Amino acid sequence: MTWHETERDWLAEALRAADPHDPTLCEGWQARHLAAHLVIRERPGQAAAAVRGGLAAATERLAATASDAAGYAALVDRFAVQPRRWSPLAWAGDAVNATEYFVHTEDVRRGAGDRAPRELPEGLVEVLWSQLVRMAPLRLRGLGPGVVLVRDDDVRSAVHAPRSGRGTVVLRGAVGELVLAVSGRLQAADVRLDGADEDVAVVRDLLTGP
C-alpha cells in the first residue's frame, strides 16, 4: 500500500469523527464542504461538470446533501473508496495526493480544535519533505525575504533566496508542521520563525490564512 492510500484512510477517519458542520482550516468550509471537494476532485465526470457550472457552486450543492448525519456519512463513504482506474488521481499516487491528504486531514482535525501534531511514520515524513522542498519555491515566489526550512532533526533546505536588501527567515519545526505553514496554515502550525522582525512579519503575513 502506498502512502496516499494510507492517508486516504486517515482522512476518511478524521472526517467520520467530525460533525458535518464542524469548522475546518479552509476559509468558509465546514467538514461537509471539504468532503464534497474531495469527492468532486477525484471523479472526472463530476469534476468536469463542476468546472463548467462553477466549482464553488458545485461544492455547495454537494455539501448541501450532507447537512444531516446520514447524508454526511454517505458522502464520506464515497471519498473513502478509491477512485476508478481511469481517474487521473487513481494513478497519480503519492506525487499528487500525499501532501493533499495530509493537509486536509489537519484541516479537519485542527479546524475542530485538535491542534496537537500527529506522530507521522518516517516514510511519510520523507515523502512530505521531498514534496515540500519542491513546492515551497513556487509558493514563496515574489517574497522579499529569503526562507530556509529546518526540520526538527536539523535537516535544512534553502527554498527561497532573499531579494536585495532583505534578510532570511528560518522556519523550524517538524516536517508536517512546516508543510502546514508553507501551505498557508501557519496560524495552526507549531513552527518557530527566526529572523529580523520586519522580515518575519512579511513571511507571517503570506503564510497565515484569513
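## Exercises on helix contacts and side-chain pairs

Glu-100 is partly exposed, with 23% relative accessible area. The cut-offs are these: buried is under 20% relative accessible area, exposed is over 50%, and partly exposed lies in between (1.4 Å probe, protein chains only). The model is predicted, so local features need pLDDT of at least 70 and side-chain atom pairs count only at pLDDT 80 or more, while totals for chains, interfaces and linings use all residues. Residues are numbered from 1 along each chain as its sequence is written, and side-chain values use heavy atoms, with hydrogens and water left out.

**Exercise 1. Find the salt-bridge partner of Glu-100 and place both residues.**

Step 1. Use the rule: a side-chain nitrogen of Lys or Arg lies within 4 Å of a carboxyl oxygen of Asp or Glu.
Step 2. The partner is Arg-41, with the closest N and O atoms 3.5 Å apart.
Step 3. Place the two. Glu-100 sits in helix H7 (residues 94-111) and Arg-41 in helix H2, 59 residues apart. Helices (H or I, at least four residues) and strands (E, at least two) are DSSP runs, numbered from the N terminus.

**Exercise 2. Find how many salt bridges the whole structure has, then examine those of Arg-8 and Arg-16.**

Step 1. The search gives 15 salt bridges.
Step 2. Arg-8 pairs with Glu-42, N to O at 2.9 Å. Arg-8 is in helix H1 (residues 3-17) and Glu-42 is in helix H2 (residues 31-42), so the pair ties together parts 34 residues apart in sequence. Arg-8 and Glu-42 are both buried.
Step 3. Arg-16 pairs with Asp-77, also listed at 2.9 Å from N to O. Asp-77 belongs to helix H5 (residues 69-80) and Arg-16 to H1, so this bridge ties together parts 61 residues apart in sequence.
Step 4. Check the exposure. Asp-77 is partly exposed at 38%. Arg-16 is partly exposed at 49%.

**Exercise 3. Describe the packing of H1 against helix H8.**

Step 1. H8 covers residues 122-140. The angle is about 105°, and the axes are 11 Å apart. Axes are lines fitted to C-alpha atoms, for helices over the stretch in contact, and angles run from 0 to 180 degrees between N-to-C directions.
Step 2. Name the arrangement. H1 is roughly perpendicular to H8. Under 35 degrees counts as roughly parallel, over 145 as roughly antiparallel, 65 to 115 as roughly perpendicular and the rest as oblique.
Step 3. List the contact (heavy atoms within 4.5 Å). H1 supplies Trp-3, Glu-7 and Trp-10; H8 supplies Gly-123, Leu-124 and Val-127.

**Exercise 4. Describe how H7 meets H8, and the place of Thr-99.**

Step 1. The H7 and H8 axes come within 10 Å and cross at roughly 100°. The two helices are therefore roughly perpendicular.
Step 2. On H7 the contact uses Asp-94, Ala-95, Ala-98, Thr-99 and Phe-102; on H8 it uses Val-127, Leu-128 and Gln-131.
Step 3. Thr-99 lies in helix H7. Thr-99 is buried at 15%. Leaving out residues up to four places away in sequence, Thr-99 touches Leu-128, Gln-131 and Val-179.

**Exercise 5. Classify the aromatic pair of Phe-79 and Tyr-101.**

Step 1. Rings of Phe, Tyr and Trp (its six-membered ring) pair if their centres lie within 6.5 Å; planes under 30 degrees apart are stacked, over 60 edge-to-face and the rest tilted.
Step 2. The count is one aromatic pair. Phe-79 and Tyr-101 are edge-to-face, 5.7 Å centre to centre with 85° between the planes.
Step 3. Phe-79 is in helix H5 and Tyr-101 in helix H7, so the pair ties together parts 22 residues apart in sequence. Phe-79 and Tyr-101 are both buried.
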